[in-house]
Amino acid sequence: MIQHPITMAGPDEDAGDPAVVVATRPKTKRPPLYKVLLLNDDYTPMEFVVAVLERFFGMSHAQAFEIMLTVHKKGLAVVGVFSHEIAETKVAQVMDFARRHQHPLQCTMEKE
Ligand code: TYC
């Protein structure tokens with residue numbers, strides 16, 4: 001590497017020099033968010049899906065019914081957006097609740 005003899009510093013020439021201050025940007029990257037998706041199937045009763053949305057996603061009965069119908073018609077819907085840890089917990093809660101009631105309901109998450 002060619003350096004101008006007057007203006008450029010050699011390797012680590014400024015190291016520890018109290019007069020050299022380098023500006024830094026405090027880069028606070030927001031943590032990624034995850035969509036929780038509910039998938040349609042032919043067997044899980046509509047009322048069960050409504051109950052899931054009320055219980056685990058804090059929806060009103062009307063809201064839950066509306067989202068359930070969207071999943072039923074479109075095949076899937078986003079039912080919430082959360083941090084990785086919360087999304088993982090929601091998915092586990094839904095999958096466990098469905099399994100315990102012997103319904104094939106599927107719930108997954110994906111990075112937004
Ligand atoms: N398709 C189901 C039925 O007709 C209802 C259903 C809705 C199932 C949403 C799953 O995520 C779901 N009984």
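The side chain of threonine 44 reaches across to the backbone nitrogen of leucine 105, at 3.2 Å. That makes a polar contact, meaning a pair of N or O atoms within 3.5 Å; within protein, one must be able to donate a hydrogen and the other to accept it, and residues adjacent in sequence count only if both atoms are side-chain atoms. The model here is a predicted one, so local features need pLDDT of at least 70 and side-chain atom pairs count only at pLDDT 80 or more, while totals for chains, interfaces and linings use all residues. Residues are numbered from 1 along each chain as its sequence is written, and side-chain values use heavy atoms, with hydrogens and water left out.

Threonine 44 sits in the loop between β1 and α1. With a relative accessibility of 11%, threonine 44 falls in the buried class (buried means under 20% relative accessible area, exposed over 50%, and partly exposed in between, using a 1.4 Å probe and protein chains only). Setting aside residues up to four places away in sequence, threonine 44 touches Val49, His103, Pro104 and Leu105, where contact means heavy atoms within 4.5 Å.

The same stretch of chain brings in aspartate 41, placed in the loop between β1 (34-39) and α1 (46-57). A polar atom of the aspartate 41 side chain lies 2.6 Å from the backbone nitrogen of threonine 44, and the backbone nitrogen of tyrosine 43 is 2.7 Å from a polar atom of that side chain. Beyond residues up to four places away in sequence, aspartate 41 touches Pro104 and Leu105. Pro104 and Leu105 also appear among the contacts of threonine 44. Aspartate 41 is buried yet has no salt bridge, and the nearest side chain of opposite charge, arginine 99, is 15 Å away. For charges, Lys and Arg count as positive and Asp and Glu as negative, with His and the chain ends not counted. A salt bridge, for its part, is a side-chain nitrogen of Lys or Arg within 4 Å of a carboxyl oxygen of Asp or Glu.

Stepping back to the fold, the protein chain comes to 3 helices and 3 strands, and read along the sequence it follows the pattern β-α-α-β-α-β. These elements are DSSP runs numbered from the N terminus, with helices being H or I of at least four residues and strands being E of at least two. Of the 112 residues in the protein chain, 26% are buried. Among contacts between residues at least 6 apart in sequence, 69% join residues at least 24 apart. The protein chain exposes about 8400 Å², and carbon and sulfur atoms supply 55% of that; accessible areas come from the Shrake-Rupley method with a 1.4 Å probe, and for residues only the protein chains shown count as cover.

As for charged pairs, the structure holds 3 salt bridges. One of them ties glutamate 110 to lysine 35, with the closest N and O atoms 3.2 Å apart. This pair links distant parts of the chain, since glutamate 110 is in strand β3 (residues 106-111) and lysine 35 is in strand β1, 75 residues apart. Both partners are partly exposed: glutamate 110 has 37% relative accessibility, and lysine 35 has a relative accessible area of 22%. Apart from neighbours within four places in sequence, lysine 35 is in contact with Val78, Gly80, Val81, Thr108, Met109, Glu110, Lys111 and Glu112. Lysine 35 is also 9.2 Å from histidine 84, C-alpha to C-alpha, though the two are 49 residues apart in sequence.

The other charged pairs centre on aspartate 96. Aspartate 96 bridges to arginine 99, the closest N and O atoms being 2.8 Å apart, and to arginine 100 at 2.7 Å, N to O. Salt bridges that share partners thus join Asp96, Arg99 and Arg100 into one network. Aspartate 96 and arginine 99 are separated by about one helical turn because they are 3 residues apart in helix α3 (residues 84-100). Arginine 100 and aspartate 96, being 4 residues apart in helix α3, are likewise separated by about one helical turn. Aspartate 96 is partly exposed at 29% relative accessible area, whereas arginine 99 counts as exposed at 54%.

Finally, there is a nonpolar patch on the surface, formed by Leu33, Val78 and Val81 with about 210 Å² of accessible area together. Patches are made of residues with over 30% relative accessible area and no salt bridge, with like charges joined within 9 Å and nonpolar side chains (Val, Leu, Ile, Met, Phe, Trp, Tyr) within 5 Å. Valine 78 belongs to strand β2 (residues 76-82) and is partly exposed at 39% relative accessibility.
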